[in-house]
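Here are my notes on the model you sent, set out as numbered points. Please read them with the structure open.

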Amino acid sequence: NREGVFENDKKSGNWTWYDKEGKKEMEGMFRDDRQNGKWIYWFSSGTKESEGFYKNDLQDSTWTYWYKSGPKWREGNYRNNLKEGRWTNWFESGQKLQEGVYVSGKENALWQSWYEDGKLKDEGTFKAGAKNGSWRGLYPAGKEEHQGNFKNDLRDGHWKFSFPNGKIREEGDFKEGHKNGHWVLWTKFGI
C-alpha cells in the first residue's frame with residue numbers, strides 16, 4: 001500500500017509505503033516522479049533501517065543505517081549514488097568497527113578496523129579501491145600478526161608474519177602476490 005500526491009501524472013511531494021499490516025516501510029519526497037530530499041526506511045519490526053537524501057533518484061549527502069536491534073551500523077556520504085568521503089561502520093555494541101575514505105565509490109587513503117573491544121585490528125592504504133602501500137594486522141592482544149606492502153591488491157615486497165606470542169613465524173618477499181626469493185620460517189619457539 002502507498003499514498004501520496006500526483007502532479008501532472010507524476011509523483012510529487014511526500015509519499016509513504018506501508019506493509020500488509022499497515023506499518024510504514026518507507027517514506028520520502030518526490031519531485032517530477034524522482035526521489036528528491038529526505039527518505040526514511042523501516043524494518044518490519046518498526047525500527048529505523050536507514051535514512052538519507054536523494055537528488056534526482058540518486059543517493060546524495062549523508063546516509064545513516066541501523067541494525068534491526070536499533071544501534072547505528074554505518075554512516076557516510078554519497079555523491080551521485082557513489083560513496084564519497086569518510087565512512088564509519090560500528091559493531092552492534094556501538095564500538096567502532098571500520099573507518100576510511102571513499103573517492104567516487106572506491107576506497108582511498110588510510111583504512112582502519114578494530115576488534116569489538118576497541119583495539120586496532122588492521123590498517124593500511126587504498127588507492128582507487130585497491131590495497132596499495134603499507135598494511136599491518138594485529139592479534140587481539142595487540143601483537144603484530146603481519147606487516148608488508150600491497151601493490152594493486154597484491155602482496156608485493158617484504159612481508160613478515162608473526163605468531164600470537166610476537167615471535168616471527170615467516171619472513172620473505174612477494175612479487176605480484178606470489179612468494180618470491182628467499183623465505184625463512186620459524187616454529188612458535190623461535191627455531
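1. Charge on the surface. Glu7, Asp9, Asp32, Asp33 and Asp57 together make up a negative surface patch. This is a predicted model, and the points below should be read with that in mind. Two members of the patch, Asp33 and Asp57, are taken up separately in the next two points.

2. Aspartate 33. This residue of the patch sits in the loop that runs between strand 3 (24-31) and strand 4 (34-42). Its relative accessible area is 36%, so aspartate 33 is classed as partly exposed.

3. Aspartate 57. Also a member of the negative patch, aspartate 57 belongs to the loop between strand 5 (48-55) and strand 6 (58-66). Aspartate 57 is partly exposed because its relative accessible area, 35%, falls between the limits of 20% and 50%. The backbone deserves a look here: phi of aspartate 57 is near 75°, a positive value in a residue that is not glycine.

4. Asparagine 81. Where else does a residue other than glycine have a positive phi of about 75°? Asparagine 81 is such a residue, and its place is the loop between strand 7 (72-79) and strand 8 (82-90). With a relative accessibility of 37%, asparagine 81 counts as partly exposed.

5. Phenylalanine 30. This residue lies in strand 3. Is phenylalanine 30 buried or exposed? Its relative accessible area is 9%, under the 20% limit, and therefore phenylalanine 30 is buried. Its C-alpha atom is 8.8 Å from that of asparagine 56, although 26 residues separate phenylalanine 30 and asparagine 56 along the chain.

6. Tyrosine 65. Strand 6 holds tyrosine 65, which counts as buried because its relative accessibility is 10%. Between the C-alpha atoms of tyrosine 65 and glutamate 75 the separation is 6.2 Å, with their positions 10 residues apart in the chain numbering.

7. Aromatic pairs. How many aromatic pairs does the count give? The count comes to 25. In one of them, the ring centres of tryptophan 135 and phenylalanine 150 are 6.1 Å apart and the ring planes stand at 80°, so the pair is edge-to-face. Tryptophan 135 is part of strand 12 (residues 130-138) and phenylalanine 150 part of strand 13 (residues 144-151), so this pair ties together parts that are 15 residues apart in sequence. Tryptophan 135 and phenylalanine 150 are both buried.

8. Proline 140. The loop between strand 12 and strand 13 contains proline 140. At 45% relative accessibility, which is over 20% but not over 50%, proline 140 is therefore partly exposed. Measuring from C-alpha to C-alpha in the model, proline 140 lies 8.7 Å from aspartate 117, and the two are 23 residues apart in sequence.

9. Salt bridges, and the pair at lysine 96. Side chains of opposite charge can pair when their charged atoms come close. Across the whole structure, 12 salt bridges are found. One of them joins the side chains of lysine 96 and glutamate 99, with an N to O distance of 3.3 Å. What is the accessibility of each partner? Lysine 96 is partly exposed, as its relative accessibility is 28%, whereas glutamate 99 is buried at 15%.

10. The network around glutamate 170. Which residues are linked in a network of salt bridges? They are Glu145, Arg169, Glu170 and Lys179. Within this network, arginine 169 bridges to glutamate 170, and the closest N and O atoms of that pair are 3.2 Å apart. Glutamate 170 also forms a salt bridge with lysine 179, at 2.7 Å from N to O. Glutamate 170 is buried because its relative accessibility, 11%, is under 20%. Its partner arginine 169, at 26%, counts as partly exposed.

Technical notes: Residues are numbered from 1 along each chain as its sequence is written. This is a predicted model: local features need pLDDT of at least 70, side-chain atom pairs count only at pLDDT 80 or more; totals for chains, interfaces and linings use all residues. Side-chain values use heavy atoms; hydrogens and water are left out. Patches are made of residues with over 30% relative accessible area and no salt bridge: like charges are joined within 9 Å, nonpolar side chains (Val, Leu, Ile, Met, Phe, Trp, Tyr) within 5 Å. Accessible areas come from the Shrake-Rupley method with a 1.4 Å probe; for residues, only the protein chains shown count as cover. A salt bridge is a side-chain nitrogen of Lys or Arg within 4 Å of a carboxyl oxygen of Asp or Glu. Lys and Arg count as positive and Asp and Glu as negative; His and the chain ends are not counted. The place of a charge is taken as NZ of Lys, CZ of Arg, CG of Asp or CD of Glu. Helices (H or I, at least four residues) and strands (E, at least two) are DSSP runs, numbered from the N terminus. Buried means under 20% relative accessible area, exposed over 50%, partly exposed in between (1.4 Å probe, protein chains only). Rings of Phe, Tyr and Trp (its six-membered ring) pair if their centres lie within 6.5 Å; planes under 30 degrees apart count as stacked, over 60 as edge-to-face and the rest as tilted.
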